[in-house]
Amino acid sequence: MAAIDIDHLVKEYPNGFRGVNDVSLQIADGEFVILVGPSGCGKSTLLRMIVGLEDITAGELRIGGQRVNEKAPRDRNLSMVFQNYALYPHLSVRENIAFPLRLKKGVPEREIQQRVDEAAGLLELGELLERKPAQLSGGQRQRVAMGRAIVRQADAFLFDEPLSNLDAKLRGQMRSEISRMQRRLGTTTVYVTHDQTEAMTLGDRVAVLRKGVLQQVASPRELYEQP
Ligand code: ADP
Ligand code: ADP
């Protein structure tokens with residue numbers, strides 16, 4: 001059974017335009033899938049449909065075997081990391097990471113602190129927990145945003161160009177961290193990017209979208225290294 005089963009999904013806008021046009025893709029448990037394609041091809045829309053921020057016009061979306069088309073985002077148990085990782089400026093790093101657990105209600109304080117410490121350890125944020133976002137570099141802020149995403153122990157991570165606002169050196173560093181983190185946690189991941197290096201190095205499979213249509217799904221090797 002696929003962890004995320006995208007079954008003939010369609011997103012049609014009121015003007016009749018199909019941003020996502022009959023896309024099917026089965027993502028295995030623990031798999032890391034990269035979504036690539038030119039600007040406007042429907043990558044963000046597909047990701048937002050999976051996470052529940054965009055209505056599904058037709059088709060079926062199953063997560064862990066369960067149909068979730070009508071489920072609210074908070075009932076899907078997925079974690080999304082956005083390009084402009086909005087952190088809460090008045091909260092410390094510790095409280096920014098803890099935030100999703102506090103929203104859940106009923107998670108004991110001891111467990112919250114334990115999970116925050118685990119996430120911080122994995123992302124090497126241990127020394128920074130009492131700082132405010134303004135006292136962090138761009139890369140450190142992005143790591144806090146990831147900490148906030150992984151602390152919930154979601155069924156899947158969804159990334160929407162999380163590194164595009166970082167400089168080349170930081171991007172390289174974060175690439176390795178994302179790769180290490182995903183392997184360690186083994187969490188199913190869908191990752192949107194237009195960076196070819198990310199597509200080649202991070203994913204188990206690369207899915208290529210064009211004008212809302214899925215053109216090709218292949219391993220990075222098959223896609224980029226063949227003549
Ligand atoms: P990507 O993330 O690949 O850049 P998007 O998913 O953001 O692409 O957008 C997919 C397509 O849907 C784009 O061509 C965009 O112009 C179109 N689109 C987005 N919102 C609407 C809308 N409300 N009405 C019509 N077309 C839209
Ligand atoms: P992003 O760059 O983050 O994908 P966009 O600039 O594509 O965001 O879209 C911003 C907003 O404009 C969204 O709410 C989207 O639905 C809407 N939008 C995008 N393209 C169109 C379009 N062709 N017609 C109407 N609304 C659109």
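This short presentation covers the two sheets of the structure and the surroundings of its ligand.

Colleagues, the model is predicted: local features require pLDDT of at least 70, side-chain atom pairs count only at pLDDT 80 or more, and totals for chains, interfaces and linings use all residues. Residues are numbered from 1 along each chain as its sequence is written, chains are lettered from A and ligands numbered from 1 in the order in which they are written, and side-chain values use heavy atoms, with hydrogens and water left out.

I begin with the six-stranded sheet. It is open, has mixed pairing, and follows the order 6-7-8-3-9-10. Helices (H or I, at least four residues) and strands (E, at least two) are DSSP runs numbered from the N terminus, and two strands pair if DSSP finds at least two bridges between them. At the edges are strand 6 (78-81) and strand 10 (213-218), each of which pairs on one side only. On average, neighbouring strands here are turned by 20° against each other, direction ignored; axes are lines fitted to C-alpha atoms, for helices over the stretch in contact, and angles run from 0 to 180 degrees between N-to-C directions.

Within this sheet, strand 3 (residues 32-36) and strand 8 (residues 188-192) pair in the parallel sense over four bridges, and I34 stands opposite Y191. Strand 9 (residues 205-210) and strand 10, by contrast, run antiparallel and are joined by five bridges, with V208 opposite Q216. Their hairpin has two residues between the strands, and K211 takes a positive phi near 50° there. Helix 4 (residues 138-150) lies across strand 6 and strand 7 (156-160), at about 170° to strand 6.

The other sheet is also open: four strands pair in the antiparallel sense in the order 2-1-4-5. Its edge strands are strand 2 (18-27) and strand 5 (66-67). Helix 1 packs on this sheet and touches strand 1 (4-12), strand 2 and strand 4, its direction making about 120° with that of strand 1; contact here means heavy atoms within 4.5 Å. Strand 4 (residues 58-63) is joined to strand 5 by two bridges, and I63 stands opposite Q66.

Which element gives the largest share of the shell around ligand 1? That element is helix 1 (residues 43-51), with three residues. The residues around the ligand include Y13, N15, K43, S44 and T45, a residue being near if one of its heavy atoms lies within 4 Å. By class, the shell has four nonpolar, seven polar and one charged residues.

Three polar contacts deserve mention, a polar contact being a pair of N or O atoms within 3.5 Å. A polar side-chain atom of Y13 lies 3.2 Å from a nitrogen atom of ligand 1. Two oxygen atoms may be cited next: a backbone N or O atom of G40 lies 2.7 Å from an oxygen atom of the ligand, and a polar side-chain atom of S44 lies 2.8 Å from an oxygen atom of the ligand.

Methods: A polar contact is a pair of N or O atoms within 3.5 Å; within protein, one must be able to donate a hydrogen and the other to accept it, and residues adjacent in sequence count only if both atoms are side-chain atoms. Ala, Val, Leu, Ile, Met, Phe, Trp, Tyr, Cys and Pro count as nonpolar, Asp, Glu, Lys and Arg as charged, and the others, Gly among them, as polar.
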